[in-house]
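Me: I would like a close look at one part of this protein, the packing of its interior. Please keep to what the model shows.

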Amino acid sequence: MDLFEVFSVRDLRLRSGAFLKNSEEGHLALVTKHGRPSILAVPFTERLLELGVHRTLALHLFENRHLTLARAAKLAAMSVEEFVELLSQTGIPAVDYPPEELDDELHAAS
């Protein structure tokens with residue numbers, strides 16, 4: 001999955017329905033003007049209201065594997081331990097290894 005869909009200002013006029021559908025599905029969108037980033041559109045959700053933009057964005061980017069745990073914690077302005085607790089509260093797994101990678105990690109740790 002891409003980090004976000006890109007819409008130009010012109011696209012907003014021509015494809016406003018796609019832009020809104022993208023948001024309703026919980027996806028980030030980047031709006032560009034003359035080919036340069038202008039606006040980052042973050043879906044307006046209960047999580048956004050409760051946690052704020054930085055934490056919501058950090059959770060979204062971590063959950064979709066665009067940020068590491070440490071970078072997501074930094075974006076959320078939290079320690080890694082605090083961010084792991086936030087992940088737990090929101091039901092997002094802090095570690096999500098495919099079975100073969102988990103076996104490798106467990107073997108390396110022993």
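Leaving aside its neighbours within four places in sequence, which residues is Leu86 in contact with? Please go on from there to the core, the pocket and His60.

Reply: This is a predicted model. With neighbours within four places in sequence set aside, Leu86 is in contact with Leu51, Arg55, Leu59 and Met78.

Leu86, Leu59 and Met78 are also members of the largest nonpolar core. That core has 11 residues, and the others are Ala58, Phe62, Ala72, Ala73, Ala76, Phe83, Leu87 and Ile92. Two or more residues of this core come from each of helix 4, helix 5 (69–75) and helix 6 (80–90). Apart from it there is another core, of five residues, which include Phe7, Phe19, Ala29 and Val31. In soluble globular proteins, nonpolar side chains tend to be buried together.

Next, the pocket. The largest pocket has a volume of about 210 Å³. Phe62 and Ile92, both in the largest core, are among the residues that line this pocket. The rest of the lining consists of Glu63, Arg65, Leu67, Thr68, Leu69, Pro93, Ala94, Val95 and Asp96. By class, seven lining residues are nonpolar, one is polar and three are charged.

Last, His60. This residue lies in helix 4 (residues 53–63), one of the elements that give two or more residues to the largest core. His60 counts as buried because its relative accessibility is 16%, and the cut-off for buried is under 20%. Leaving aside neighbours within four places in sequence, His60 is in contact with Gly26 and Leu28.

Methods
Residues are numbered from 1 along each chain as its sequence is written. This is a predicted model: local features need pLDDT of at least 70, side-chain atom pairs count only at pLDDT 80 or more; totals for chains, interfaces and linings use all residues. Side-chain values use heavy atoms; hydrogens and water are left out. Helices (H or I, at least four residues) and strands (E, at least two) are DSSP runs, numbered from the N terminus. Buried means under 20% relative accessible area, exposed over 50%, partly exposed in between (1.4 Å probe, protein chains only). Contact means heavy atoms within 4.5 Å. A nonpolar core is a set of buried Ala, Val, Leu, Ile, Met, Phe, Trp, Tyr and Cys residues joined through side-chain atoms within 4.5 Å. On a 1 Å grid over the protein atoms alone, a cavity is a set of points where a 1.4 Å probe fits but cannot get out, and a pocket is an open set with protein on both sides within 12 Å along at least five of seven lines; lining residues have an atom within 4 Å of a point. Grid points are joined across faces, edges and corners, and a volume is the space filled by probe spheres set on the points. Ala, Val, Leu, Ile, Met, Phe, Trp, Tyr, Cys and Pro count as nonpolar, Asp, Glu, Lys and Arg as charged, and the others, Gly among them, as polar.
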